[in-house]
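Colleague: I would like a close look at a single helix and at the surroundings in which it sits. Could you take me through one such part with care?

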Amino acid sequence: MSARMSAQPHLVATLRAALASEHAAVYLFAALRTRASQRPLADALGVSYDFHRAARDLLAERLAALGDDAPPGAAPAYRLPADLGSDAAVTAAALAAEQAAVTAYGDLVAETTGADRARAVAWMSASAVRELSFGGTPSTLPGL
Amino acid sequence: MQQPSATLSRRRALGAIGALAMAPLLAACSGGAGARVPEPVVEGVDRLRAPRSTPPAPANADQPVVDAVVSATAELRATLAPYRRREAWIADLVDVHRAHLAALGAPHAPGRPVPIDTADLIAQIRSREQALATLVSTKAVAAQDPRLARLLAAMAAALGQRIAGAPA
């Protein structure tokens, strides 16, 4: 941990956790997309993949700007949900992942301020909307 | 000018978030049936030095945030209420606004309906919901209490889901 980073250790820890989650999400959505047989589902998975990849890159850039010289990298592989042999199973896995993302972004909202929080608020809404692409239903307070 | 009944304490708003978890504590504070008012301790107190009135509550930095969201939400709820039978989508929006006001501790906050162009009702409502979502998102960033920030972010996300699911 560099001297510059040590001024905001809590923020760095929070962003590191978020980055680790994004690495996993990128892996998951890439894997799910290869298993979708229907074009609309593949397209929706592609939207999620692109979003989480962009979020991953933004978090990595933010940590670099904070002086973090050891941000978490992607694992070689992540455990995938069992039995992804149907579009229904792929859809359910995607929905669960986006719901988890909404909750994680809610944590990020609570743990950050300023521009970091503004980004997390926007991501929370975006993931909540993407839930609908995977059969999710609108809720009163997503992520709470 | 702020309507007195729309002015809420952050304590109420945050209390609503964890109402279940805090219910026993709040009951103990408010005093239920049979609760006794504690006797003031006067023995040994110098009456001349004692405060003559209850000290003012500490300033709540998030009060303007809560007031702004309650006011805007109550206004839109009142605006949409007359149209709730036209579309299930509109009825759902009214219910969501009501739930959000309850989460902020203001289930009965008054709101003045704003005239709406019924010739293009869905588009008008979508636009107003988008404006409310933007306001709530902005206030989520401004909130000092992290629990309030998270609640407001969740409210904005809920509105985003409804906007995305608007009838064509």
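Modeller: What follows is a walk along one helix of chain B, then outward to its chain, to the other chain and to the contact between the two.

The model is a predicted one, and the part I have chosen is helix α4 of chain B, which comprises residues 88-103. At 1.5 Å a residue, the 16 residues of α4(B) should span 22 Å, and since the C-alpha atoms at its ends are 22 Å apart, the expected and the computed lengths agree. The buried residues of this helix are B:I90, B:L93, B:V96, B:H97, B:H100, B:L101 and B:A103. Because these buried residues cover an arc of only 155° around the axis, they are placed on the same side of α4(B). After the helix comes B:G105, a residue whose phi is positive, near 80°.

As for its packing, two packed helices are described by the angle between their axes and the distance between the axes. For α4(B) and helix α6 of chain B, residues 146-164, the angle is about 180° and the axes are 11 Å apart. An angle over 145 degrees counts as roughly antiparallel, and α4(B) is therefore roughly antiparallel to α6(B). On the α4(B) side the contact is made by B:D92, B:L93, B:V96, B:H100 and B:A103, while α6(B) contributes B:L151, B:M155, B:A158 and B:R162. Sorted by class, the residues of this contact are six nonpolar, one polar and two charged. Among the residues that α4(B) brings to the contact, B:L93, B:V96, B:H100 and B:A103 also appear among its buried residues.

The chain around this pair has six helices and zero strands, so that, in the order from the N terminus, its elements read α-α-α-α-α-α. Of the 168 residues in chain B, 32% are buried. Among the contacts in chain B with a separation of 6 or more, 77% are between residues 24 or more positions apart.

Turning to the other chain, helix α1 of chain A, residues 9-35, can be examined in the manner used above for the helix length: its 27 residues should span 39 Å at 1.5 Å a residue, and its end C-alpha atoms are 40 Å apart, which agrees. Its buried residues include A:V12, A:L15, A:A25, A:F29 and A:L32, and what covers the buried residues of α1(A) includes α2 and α3 of chain A. One residue of α3 in chain A is A:A101, which is buried, with 26 other C-beta atoms within 10 Å. Leaving aside residues up to four places away in sequence, A:A101 touches A:A25 and A:S127. A:A101 and A:M124 are 23 residues apart in sequence, yet their C-alpha atoms are 7.5 Å apart in space.

Finally, where the two chains meet, 20 residues of chain A are in contact with 22 residues of chain B. On the side of chain A that touches chain B, the elements giving two or more residues are α3 (87-111) and α4 (114-133) of chain A. The largest share of that side, eight residues, comes from α4(A), and the residues of the side divide into 13 nonpolar, five polar and two charged. Helix α4(A) itself has 20 residues and reaches 30 Å from its first C-alpha to its last, close to the 28 Å expected at 1.5 Å a residue. α4(A) is followed by A:G135, with a positive phi near 85°.

Definitions and conventions: Residues are numbered from 1 along each chain as its sequence is written. Chains are lettered from A and ligands numbered from 1 in the order in which they are written. This is a predicted model: local features need pLDDT of at least 70, side-chain atom pairs count only at pLDDT 80 or more; totals for chains, interfaces and linings use all residues. Two residues are in contact if their C-beta atoms, placed from the backbone, lie within 7 Å. Helices (H or I, at least four residues) and strands (E, at least two) are DSSP runs, numbered from the N terminus. Ala, Val, Leu, Ile, Met, Phe, Trp, Tyr, Cys and Pro count as nonpolar, Asp, Glu, Lys and Arg as charged, and the others, Gly among them, as polar. Axes are lines fitted to C-alpha atoms, for helices over the stretch in contact, and angles run from 0 to 180 degrees between N-to-C directions. Angles under 35 degrees count as roughly parallel, over 145 as roughly antiparallel, 65 to 115 as roughly perpendicular and the rest as oblique. The expected span of a helix is 1.5 Å times one less than its number of residues. A residue is buried if 20 or more other C-beta atoms lie within 10 Å of its own, exposed if 12 or fewer, and partly exposed in between; C-beta atoms are placed from the backbone. The arc is that of the directions from the helix axis to the C-beta atoms.
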